[in-house]
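Hi everyone, thanks for making time this morning. Let me put the structure up on the screen, and then we can walk through it together.

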Amino acid sequence: MQREILLFAAIRDAADTDSLLIDVASDATAADVLREVAQRVPSTQTLLASCRVALDNRYVPNTQPLGAAKEIAIIPPVSGG
């Protein structure tokens, strides 16, 4: 199944795009998304280790299945000030 993955901040810059379409299995997890992005865009590999996946605007553990999530996003650490 093809899913759109939204990319933000440094991960978007490293990939040089704000989203990717990737093929994932119906039982794919957040970790599977991170692995697929790392394979498709090698320049993101070092950043992905510290990124979180959000499904429908909620951070999820890497073991979380994607299920029927409408929005999948990869978000690097952020800081404020």
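I'll start with the overall fold, then move to the sheet, one helix and two residues.

A quick word on where this comes from: it is a predicted model, where local features need pLDDT of at least 70, side-chain atom pairs count only at pLDDT 80 or more, and totals for chains, interfaces and linings use all residues. Residues are numbered from 1 along each chain as its sequence is written, and side-chain values use heavy atoms, with hydrogens and water left out.

So, the big picture. The chain has 3 helices and 5 strands; these are DSSP runs, numbered from the N terminus, with H or I over at least four residues for a helix and E over at least two for a strand. Along the sequence, the pattern reads β-α-β-α-α-β-β-β. The radius of gyration is 12 Å, close to the 12 Å that the globule rule gives for 81 residues, so the chain is as compact as a globular protein of that length. That radius is taken over C-alpha atoms, and the rule is 2.2 Å times the number of residues to the power 0.38. Of the 81 residues, 40% count as buried, where buried means under 20% relative accessible area, exposed over 50%, and partly exposed in between, with a 1.4 Å probe and protein chains only.

Now the sheet. How are its strands ordered? This open sheet of 5 strands runs β2-β1-β5-β3-β4, with mixed pairing; two strands pair if DSSP finds at least two bridges between them. At the edges sit β2 (19–23) and β4 (58–60), each pairing on one side only. On average, neighbouring strands are turned by 35° against each other, direction ignored; axes are lines fitted to C-alpha atoms, for helices over the stretch in contact, and angles run from 0 to 180 degrees between N-to-C directions.

Have a look at β1, residues 2–7. With β2, strand β1 pairs in the antiparallel sense over 5 bridges, and Glu 4 stands opposite Leu 21 in β2. With β5, strand β1 pairs in the parallel sense over 3 bridges, and there Leu 7 stands opposite Ile 74.

While we're on β1, let's meet Arg 3, which has its place in that strand. Is Arg 3 buried or exposed? Arg 3 is buried, with a relative accessible area of 11%. Leaving out residues up to four places away in sequence, Arg 3 touches several others, among them Leu 20, Ile 22, Leu 66 and Ile 72; contact here means heavy atoms within 4.5 Å.

On to the helix. Helix α2, residues 30–40, packs on the sheet and touches β1, β2, β3 (52–55), β4 and β5 (72–75). The direction of α2 makes about 110° with that of β2. Its buried residues are Ala 30, Ala 31, Val 33, Leu 34, Val 37 and Ala 38. Seen down the axis of α2, these fall within an arc of 160°, so they line one face of the helix; the arc is that of the directions from the helix axis to the C-beta atoms.

Last stop: Thr 29, in the loop between β2 and α2. At 17% relative accessibility, Thr 29 counts as buried. Setting aside neighbours within four places in sequence, Thr 29 is in contact with Asn 62, Thr 63, Gln 64, Pro 65 and Leu 66.
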